[in-house]
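Good morning, everyone. Please look at the screen while I go through this one.

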Amino acid sequence: MLFDFHMHSTYSDGSSTMVEIFEKAKALDLKALAITDHDTTLGLGLEKKLSKEYSIPFISAVEFTAMEQGTKFHVLAYNVDAASQELKDYSVKLLEYLNKRSSLQIEMLQRQGIDIPKEEFFKESNGGPLYRAKLLRTLARYNYLDVEEIMMSLKKYFGEGGPCYLPEDYKYMDFESMVKMIKRNNGVVVLAHPTKIKKKNSRLYYELINSELLDGIEVYHPSIEAEVKNELEKIILSKSLLCTGGSDYHGMYNKRNTPLCGIEIPEKVYKDLLPFIQ
């Protein structure tokens, strides 16, 4: 049985459209999936439609960004209400912010001699914000860099001192506020890829994996090492939490090049999330 409960489309920072994802999922004979686009519910209506067309059950899900102790991290929300006006407003507000930010970055490039119209950059959006890799994909289309260089060029272009550098100034919710929003909208709260948090802020990592606000923890992910996996599994067992996992597929925008359904996930993950599969 194959399934994948963590992936991204062009509605956030993936390179594959939702149609392309469902085509790949059908070819792999996936039994269920969840497209967990970042901070947006705007693609969930299309996902529901494609789920019926391709006869592949899905979970209505989002990967939200939270901020604690100066550290950004991600929270997976499964079973969220796709029709929620609150979540739509949240999605649109962040989309508008990111589009304004991208416009400024494009203008910065243009002032440095990149002769590409702004609308050409935004063609890469495909339903979502012009995330960094999408912006660089436009440079690749115009032969300013090779497609294979996109992911390795992110720091060069967007890091401090780079031609597209802008300081981060969006006020993401703290963890407790994020949890409250997810709960108000029928969602279950799952900590995404905890290893990434541990590498940034170990104190925050231990606070979060032991938080009483969690419904589950993502244990199966390309970034999860054996030592951390064992640690997380013990917490899940002791607190009867959901155990989740997925490939974190981003298409070509993935330094690990993990394909759809590209990691081994035990059937327990499917069984834990079965109540939320539509």
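Where does His250 lie? His250 sits in the loop between strand E7 (242-245) and H11. Before I go further, keep in mind that this is a predicted model. Is His250 buried or exposed? Its relative accessible area is 10%, and buried means under 20%, so His250 is buried. If we set aside the neighbours within four places in sequence, His250 is in contact with His8, Asp13, Gly14, Ser15 and His38.

Now the whole chain. The protein chain has 11 helices and seven strands. Why does a radius of gyration of 18 Å agree with a compact globule? The chain has 278 residues, and a compact globule with that number would have a radius of gyration near 19 Å, so the value of 18 Å agrees. Along the principal axes, the C-alpha atoms fill a box of roughly 55 × 45 × 40 Å.

Of the 278 residues, 55% count as buried. The accessible surface of the chain is about 12900 Å², and carbon and sulfur atoms hold 50% of that. On the charges: there are 36 positive and 40 negative side chains, and the centres of these two sets lie 1 Å apart. As for contacts with a separation of 6 or more, 69% of them join residues 24 or more positions apart.

Next, the aromatic rings. A pair of aromatic rings is described by the distance of the centres and the angle of the planes. How many aromatic pairs does the structure hold? It holds eight aromatic pairs. One of them is Phe3 with Tyr270: the ring centres are 5.5 Å apart and the planes meet at 40°, so this pair is tilted. The pair links distant parts of the chain, since Phe3 is in strand E1 (residues 3-4), Tyr270 is in helix H11 (residues 267-273), and 267 residues separate them. Both Phe3 and Tyr270 are buried.

Another pair is Phe73 with Phe175, where the centres lie 6.0 Å apart and the planes are at 55°, so this pair is tilted. Here too distant parts of the chain are linked: Phe73 belongs to strand E4 (residues 71-78) and Phe175 to helix H7 (residues 175-184), 102 residues apart. Phe73 is buried, with a relative accessible area of 3%. Phe175 is buried as well, at 5%. To return to Phe3 and Tyr270, they form one aromatic cluster together with Phe5.

Now some backbone angles. Most residues other than glycine have a negative phi, and most peptide bonds are trans. Asp29 is not a glycine, yet its phi is positive, at about 60°. Asp29 is found in the loop between helix H1 (18-28) and strand E2 (32-33). With a relative accessible area of 46%, Asp29 is partly exposed. Asn186 also has a positive phi, about 70°, although it is not a glycine. Asn186 is placed in the loop between H7 and strand E5 (188-191).

Leu30 is in the loop between H1 and E2. Is Leu30 buried or exposed? It counts as buried, at 4% relative accessibility. Not counting residues up to four places away in sequence, Leu30 touches Leu2, Phe3, Asp4, Ala25, Ile56 and Cys261. We met Phe3 earlier, in the pair with Tyr270. How far apart in space are Leu30 and Leu260? They are 230 residues apart in sequence, and 9.9 Å apart in space from C-alpha to C-alpha.

Two other separations are worth a look on the screen. Lys52 is in helix H2 (residues 44-54), and at 63% relative accessibility it counts as exposed. The C-alpha atoms of Lys52 and Thr195 are separated by 35 Å, and the two residues are 143 residues apart along the chain.

The other separation starts from Met173, in the loop between helix H6 (154-158) and H7. Met173 counts as partly exposed, with 24% relative accessibility. From Met173 to Gly262 the C-alpha separation is 31 Å, with their positions 89 residues apart along the chain. Which residues is Met173 in contact with, leaving aside its neighbours within four places in sequence? They are Ala66, Met67, Tyr90, Met178 and Met181.

That is the end of my part.

How values were computed
Residues are numbered from 1 along each chain as its sequence is written. This is a predicted model: local features need pLDDT of at least 70, side-chain atom pairs count only at pLDDT 80 or more; totals for chains, interfaces and linings use all residues. Side-chain values use heavy atoms; hydrogens and water are left out. Helices (H or I, at least four residues) and strands (E, at least two) are DSSP runs, numbered from the N terminus. The radius of gyration is taken over C-alpha atoms; the globule rule is 2.2 Å times the number of residues to the power 0.38. Buried means under 20% relative accessible area, exposed over 50%, partly exposed in between (1.4 Å probe, protein chains only). Contact means heavy atoms within 4.5 Å. Accessible areas come from the Shrake-Rupley method with a 1.4 Å probe; for residues, only the protein chains shown count as cover. Lys and Arg count as positive and Asp and Glu as negative; His and the chain ends are not counted. The place of a charge is taken as NZ of Lys, CZ of Arg, CG of Asp or CD of Glu. Rings of Phe, Tyr and Trp (its six-membered ring) pair if their centres lie within 6.5 Å; planes under 30 degrees apart count as stacked, over 60 as edge-to-face and the rest as tilted.
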